[in-house]
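Colleague: I would like to go through the charged pairs in this model with you, one step at a time. Could we begin with the terms that we shall need?

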Amino acid sequence: MAVYDFDRFSRNDAIGEVRVPMSSVDLGRPVLAWRELQAAPREEQDKLGDICFSLRYVPTAGKLTVIVLEAKNLKKMDVGGLSDPYVKVHLLQGGKKVRKKKTTIKKNTLNPYYNEAFSFEVPCDQVQNVQVELTVLDYDKLGKNEAIGRVAVGAAAGGAGLRHWADMLANPRRPIAQWHSLRPLDRVRPLPAP
């Protein structure tokens, strides 16, 4: 059981948790027990947020469309507890960034809504050799924009990124939307060079 601090306008913060081995509980009668809260797990505290986007591939036109729909529960990056997020969409081929597009900046939010479409020309014979990388960044008027997290989809992406790509290829001409958890920049597998 986990205890959270509710926050109406951003991610709820984990306060702590209690783990009770079910083998030690007699489910035949009510149980009343007090336990000390333990520290929240690191992965809960380190969550970067989630992004929802759709992929659509039209083989006859050789056109790949990425629609960045929305993000939620983004990590707080600004002093006021919010962020000014935008999304960079890179098309990679052989591990090299060949095209770049980006969304508009959404001010003061951890749950931005975009619904912005980006199209790339990808010939049918190259669709297995490309990867799409989405990076969510916090815009800063002064100084460097900071990356919040990243997700990659493609034939060599692995995990949810590979499943999303495979679903897109299995359903040509149809947009396939999925949520993805953002990962730290150093934990996204780059596509190996051919």
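Modeller: A residue is called buried when its relative accessible area is under 20%, and exposed when that area is over 50%. Please keep in mind throughout that this is a predicted model.

Colleague: With that cut-off, is Glu133 buried or exposed?

Modeller: Glu133 has its place in strand E8, and its relative accessible area is 7%. Since buried means under 20%, this value places Glu133 among the residues that are buried.

Colleague: How many salt bridges does the structure hold?

Modeller: Side chains of opposite charge can pair when their charged atoms come close. Counting such pairs with a cut-off of 4 Å between the side-chain nitrogen and the carboxyl oxygen, the number of salt bridges that the structure holds is 4.

Colleague: Which strands are tied together by the salt bridge of Glu133 with Lys97?

Modeller: In this salt bridge the closest N and O atoms of Glu133 and Lys97 are 3.9 Å apart, which is within the cut-off of 4 Å. Glu133 lies in strand E8, residues 130-138, and Lys97 lies in residues 96-102, so the pair ties together parts that are 36 residues apart in sequence, namely strands E8 and E6.

Colleague: Which residues are joined into one network by salt bridges that share partners?

Modeller: Glu133 also forms a salt bridge with Arg150, where the closest N and O atoms are 3.7 Å apart. Because Glu133 lies in strand E8 and Arg150 in strand E9, this pair ties together parts that are 17 residues apart in sequence. Through salt bridges that share partners, one network joins Lys97, Glu133 and Arg150.

Colleague: In the salt bridge between Glu17 and Arg19, which partner is exposed?

Modeller: The closest N and O atoms of Glu17 and Arg19 are 2.7 Å apart. Glu17 has a relative accessible area of 14% and is therefore buried, whereas the relative accessible area of 65% belongs to the partner that is exposed, Arg19.

Colleague: Over which residues is the pLDDT below 50?

Modeller: The mean pLDDT of the protein chain is 86, and 88% of its residues reach 70 or more. One stretch nevertheless has a pLDDT below 50, although it has 15 contacts in the model beyond near neighbours in sequence, and this stretch is residues 189-194.

Technical notes. Residues are numbered from 1 along each chain as its sequence is written. This is a predicted model: local features need pLDDT of at least 70, side-chain atom pairs count only at pLDDT 80 or more; totals for chains, interfaces and linings use all residues. Side-chain values use heavy atoms; hydrogens and water are left out. Buried means under 20% relative accessible area, exposed over 50%, partly exposed in between (1.4 Å probe, protein chains only). Helices (H or I, at least four residues) and strands (E, at least two) are DSSP runs, numbered from the N terminus. pLDDT is the predictor's confidence in each residue, from 0 to 100. Contact means heavy atoms within 4.5 Å.
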